[in-house]
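Here's a walk through a structure, starting with a single loop residue and working out to cores and an interface. Have the view open as you read.

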Amino acid sequence: MLDANNLSFHYTRCDPGETPDFAFSFRLAPGECLAVSGPSGAGKSTLLNLLAGFLSPSGGRLTWLGEDLTDQPPWARGMTTVFQDHNLFEHLPVWINVGLGLSPDLRLSDDQRSDILDGLAEVGLGGLHDRLPGELSGGQQQRVALLRSLVRETRVLLLDEPFSGLDRGNREALWGLVRRQQAAGVAVLLVSHDPEDVEALAQRRLRLVEGRLVSP
Amino acid sequence: MASEALTAGKASPHGRRRLTQLPLWAGLTALAALVGLGLGSLGALLVQAPGISMASLWQEPYLAGVLRFSLWQASLSTLVSLGLAIPVAVALARRRRFAGRRLLLRAMELSLVVPSLIALFGLVAVHGRQGWAAPLWEALTGSQEGYLYGLSGIVLAHVFYNLPLAARLLLQELERAPAAHWRLAAQLGLKRRGIWRTLEWPALKRLLPRLAALVFTLCFTSFAIVMTLGGGPASTTLEVALYQALKFDNDLALAALLALTQLTICLGLWGLALSQGGAPSLAVGDGSAPLGGRWQRRDALGISRLTDTFWLLGLALLLLPPLVAVVVAGLGGLADLAHQASLWPALWRSLVMAAGAGGLALTLGIALIAGHGWLAARGKRLAAGLMEGSGQLILVLPALVLGTGLFLLLRPRLGGGWQGYGLVVLVNGFMALPFVMQVLRGALLGLPMAQRRLADQLDIQGVTRFRWLLWPRLRRPAALAMAYAMTLSLGDFSVIALFGSPSAPTLPMLLYQQLGSYRWQTAAATALILLATVAALFVLLGWLTRRLPRYPLR
Amino acid sequence: MNAKATCTLLSLAAGMSSACVMADEPRTLTVYTYDSFVAEWGPGPGIKEAFEARCGDCRLEFVALSGGVDLLQRLRLEGGSSAADVVLGLDMNLMAEARALDLLAPHQVDLSPLTLPVDWEDPIFLPYDWGQFAFVYDSEVLPDPPGSFAELLDAPDDLKVIIQDPRTSVTGLGLLLWMKRVYGDEAPAAWEKLNDHVLTVTGGWSQAYFSLFMNGEAPMVLSYSTSPAYHMAVEETERYQAAEFGEGHYLQVETAAMLESSEHPALARDFLDFVLTPGFQRHIPLGNVMYPAIDIGEERPAVFDRLIEPESVTFTPEEVQANRREWIREWLNASTR
């Protein structure tokens with residue numbers, strides 16, 4: 001269970017007593033998908049960055065199954081973010097981009113290498129392992145990113161509008177990849193303004209308004 | 001299912017040894033080496049000095065005058081160099097294709113490293129009283145007196161050295177602007193003013209403080225140029241006083257005090273510049289599409305054709321004739337030089353030493369910037385600034401003081417052989433640091449935020465982070481930095497002269513030997529070889545790193 | 001012999017010749033000198049060959065520094081632990097300060113073959129060559145050079161000369177002493193007049209001679225009376241000559257001395273004995289472009305007969321040591337108005 005308890009954030013430095021610009025509480029169970037929507041500027045990116053540990057909260061607590069994540073660095077949280085774009089290292093070929101999820105220091109066994117090839121084939125990218133990200137379409141790039149989150153030990157998958165701008169066929173393939181992770185017990189937080197994505201994946205919905213989470 | 005097989009081999013993010021502090025330790029090690037060498041040698045002088053009184057600085061009445069003049073000429077030289085470098089860089093960025101552009105860029109790289117005696121020869125041949133430009137000057141002003149001696153000559157020589165350096169750095173900064181911004185500017189139809197305000201000036205502004213500090217330091221410590229062109233003892237530098245104190249009068253206290261004065265002024269300036277933030281870099285943009293793309297820039301039409309021609313022609317006229325004069329003089333001496341058995345061993349020796357110095361500078365530079373980035377990312381601005389600033393320490397410290405101090409430190413005895421060469425490599429490497437750091441900084445710190453977060457989340461740290469994420473982006477700037485560092489070491493005479501040598505000269509030493517015994521044509525030929533070597537180095541290193549590596553799976 | 005050959009080979013292979021340390025290495029004499037002395041075309045290589053042939057089983061190793069002042073400073077810094085056996089290249093104006101270091105030993109060489117323009121009886125410093133400071137002029141531009149300091153000072157203002165700074169250059173210091181010797185207490189006034197003719201004051205001789213004079217920037221440059229010998233003998237041109245001044249020319253004597261701390265004192269003495277023989281001296285005239293310190297008869301190149309032969313003037317080394325700072329300040333005051 002991911003438990004965010006009054007996690008708060010000030011955009012500008014101010015007195016500790018002042019009301020934070022941003023504060024929220026919610027729970028997310030393993031295997032569950034929670035969709036968050038809201039107008040632009042409501043703080044969706046801030047929410048994701050706080051969860052991932054790219055921003056430090058000014059108050060509150062974040063735990064996973066009782067383990068305190070509040071002050072953990074990004075890599076120790078077991079979270080993987082998939083952004084709208086820039087999910088891949090553009091100077092490295094596809095196979096290394098996936099391989100880094102398997103082993104951060106890129107020590108890959110021969111078995112793991114052939115597993116990468118199989119995994120790529122499975123998501124419809126067979127034979128493209130030596131391409132650079134710039135040589136793939138947007139949908140293909142997102143598949144690589146999701147494949148990487150799949151091979152990594154992920155507890156929480158944070159999706160930051162990862163399907164926007166893609167056609168129906170691509171999106172359905174990507175939804176499949178997300179559902180597979182859910183089935184394996186990964187908690188998914190989806191930020192999207194597209195009702196179709198939300199409909200396809202989410203079990204629960206919340207709205208973000210002026211830095212606070214509310215029921216829609 | 002294949003993905004299940006994959007999942008079985010998952011990396012656990014929890015049990016790994018934390019490598020995140022590697023940049024910090026690398027930076028601290030480099031910092032310790034620098035401060036140890038720099039302050040250690042200065043300290044050695046202070047310890048040896050019998051008694052130090054600040055008052056002795058003012059007992060020599062002319063010292064205050066020297067200081068005033070040094071500040072004045074260095075400020076003026078910096079102002080003129082940068083003031084002219086800006087329009088030149090903007091024009092170069094706007095004109096991406098014209099005959100001779102590559103040649104001009106190459107020549108800009110060369111000017112930095114021409115040994116001062118050779119540069120002086122070229123400048124005198126062009127601008128002197130009997131120079132190529134003299135008839136023109138006389139026709140214009142009716143004066144036979146010329147402009148090469150006195151403040152105008154000093155500024156001219158410093159501009160010759162520093163304008164190309166500054167313009168080159170500024171040009172790279174302009175070219176780092178993302179292609180998307182240029183597309184946007186083109187779509188909006190921005191004209192000269194608009195482009196200047198939205199794209200050019202913000203890019204240049206980031207670089208200017210550091211660049212000004214670098215140029216000022218180079219001008220403030222310039223020795224041969226100021227003395228030769230100054231016209232008399234009224235125009236000298238602190239270094240002359242230092243030389244006198246150290247060599248003639250054996251007044252270590254005064255020497256250390258003078259060095260401290262120089263250190264304070266220049267480091268103070270660096271502190272000011274570093275606190276301005278910004279990320280200057282000589283690095284080629286981060287893989288984004290080439291600036292401007294295929295379309296014609298709107299501001300490249302109309303009146304700017306005329307002004308750009310003016311600036312580029314001006315740059316060529318400043319830069320090329322003195323170099324041509326050296327080449328012409330050198331061609332005459334090539335036949336003589338071919339008979340000198342010591343030439344090729346000297347060249348080889350110089351190259352080996354330069355490679356050592358270049359490698360050292362590169363390693364230290366990367367370590368310092370990595371450490372700086374680590375600290376800056378954690379909000380420790382002062383510590384980060386100190387770490388970056390320490391890279392400038394050795395350039396700011398007079399070579400004479402460094403050499404003497406090291407000598408005192410390494411007493412009782414410093415052999416004339418390998419140790420001497422080793423020390424020269426060490427000091428050269430440290431002296432090249434400010435240049436190397438200017439080149440590398442942007443590339444090392446410029447890992448885009450999105451990629452940095454990705455790397456953090458995937459727990460790619462330490463050596464792997466360097467090997468796979470930074471190095472591929474760093475290869476090109478590193479090659480350029482290496483070329484600069486090697487060239488500085490190749491052209492260096494001041495340091496090698498300090499330690500002496502067992503009758504086996506390096507290329508610049510050979511050159512000075514030739515000058516010391518009237519063989520000035522042969523010396524010019526040696527200079528020509530030196531220039532050719534430097535040019536070859538830039539081309540070779542650039543060529544070796546032109547393409548991104550592809551890393552095939554098998 | 002064999003060991004020596006191997007050693008040389010090793011150094012060649014490494015691209016740098018440094019002291020090879022070997023068990024049965026022959027005695028090595030280390031000589032500190034200045035860099036143009038050891039150049040390929042300088043006197044160094046010939047002297048090394050001749051001395052090694054003479055002593056049989058020894059090696060002569062030169063360590064080159066930038067100039068006489070650097071030699072003095074190196075001795076000062078190294079003190080009693082210097083690697084040098086002999087130091088070659090301290091001129092008269094540095095003698096007093098070098099003597100005061102108490103690091104040098106008497107040379108014990110018979111001085112009777114000396115043919116210097118002055119008497120020489122110094123027990124420590126052994127002269128090996130000499131010359132005089134002089135203004136060298138370009139006869140194509142200045143067919144009629146001044147014949148004295150007085151004429152130079154009174155010449156029209158457009159006669160320009162290039163001089164060197166006495167604080168950083170041996171020739172510059174030479175001119176300072178020369179003017180002081182000629183004008184005494186009137187020197188500041190003379191400097192003020194001379195300064196009207198000074199195009200610029202360079203830091204070293206090389207900048208003045210190479211960057212400026214050879215580029216035709218001024219028709220006269222402060223140099224040595226022997227400079228024309230090089231142009232006449234090697235470049236075969238009569239164009240550059242030295243102007244002879246009626247007041248006399250300041251003398252420059254370069255000396256060798258051995259160190260008290262030498263590990264091979266006998267070998268060092270051998271070397272000093274060798275200094276005043278034709279085997280050493282024949283390399284001086286064209287190698288170092290100075291007068292040899294003894295009469296070497298026919299071996300002196302004929303061009304040396306065509307040089308000016310003015311009277312020599314000097315201060316004693318002790319006078320120089322005692323007054324140099326004061327005189328430099330005097331020059332600064334006269335030159336910075």
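Let's start with A:Ser58, which sits in the loop between helix H1 (44–52) and strand S4 (59–64) of chain A. Helices (H or I, at least four residues) and strands (E, at least two) are DSSP runs, numbered from the N terminus. Before going further: this is a predicted model, with local features needing pLDDT of at least 70 and side-chain atom pairs counting only at pLDDT 80 or more, while totals for chains, interfaces and linings use all residues. Residues are numbered from 1 along each chain as its sequence is written, chains are lettered from A and ligands numbered from 1 in the order in which they are written, and side-chain values use heavy atoms, leaving out hydrogens and water.

Back to A:Ser58: its relative accessibility is 45%, so it counts as partly exposed. The labels work like this: buried is under 20% relative accessible area, exposed is over 50%, and partly exposed is in between (1.4 Å probe, protein chains only). Setting aside residues up to four places away in sequence, A:Ser58 touches A:Ser8, A:Phe9 and A:His10, where contact means heavy atoms within 4.5 Å. A:Ala23 is 35 residues from A:Ser58 in sequence, yet the two C-alphas are 9.5 Å apart.

Now for two glutamines. C:Gln164 is in strand S6 (residues 161–164) of chain C and counts as buried because its relative accessibility is 1%. B:Gln457 belongs to helix H21 (residues 449–457) of chain B; its relative accessible area is 2%, so it is buried too.

Here are the polar contacts made by these side chains. A polar contact is a pair of N or O atoms within 3.5 Å; within protein, one must be able to donate a hydrogen and the other to accept it, and residues adjacent in sequence count only if both atoms are side-chain atoms.

| Side chain of | Partner | Distance |
|---|---|---|
| A:Ser58 | A:His10 side chain | 3.1 Å |
| C:Gln164 | C:Thr171 side chain | 2.3 Å |
| C:Gln164 | C:Leu222 backbone oxygen | 3.2 Å |
| B:Gln457 | A:Thr81 backbone nitrogen | 2.7 Å |

B:Gln457 touches several chain A residues, including A:Trp75, A:Met79, A:Thr80, A:Thr81 and A:Arg152. That leads to strand S6 (residues 79–82) of chain A, which is covered on both faces: A:Met79 and A:Thr81 are buried on one side, A:Thr80 and A:Val82 on the other. S6(A) runs parallel to strand S7 (residues 156–160) of chain A, joined by 4 bridges, and A:Met79 stands opposite A:Val156. Strands pair if DSSP finds at least two bridges between them.

What about the cores? A nonpolar core is a set of buried Ala, Val, Leu, Ile, Met, Phe, Trp, Tyr and Cys residues joined through side-chain atoms within 4.5 Å. The largest has 298 residues, and C:Phe271 and C:Phe280 are among those touching the most other members. Apart from it lies another core of 47 residues, including A:Leu92 and B:Trp468.

Finally, the interface of chain C and chain B. Each chain brings 68 residues to the contact, and about 6,300 Å² is buried, 58% of it from carbon and sulfur atoms. (Buried area is the accessible area, 1.4 Å probe, that two parts lose on being put together, summed over both.) The rule finds 9 residue pairs in polar contact across it, both at pLDDT 80 or more.
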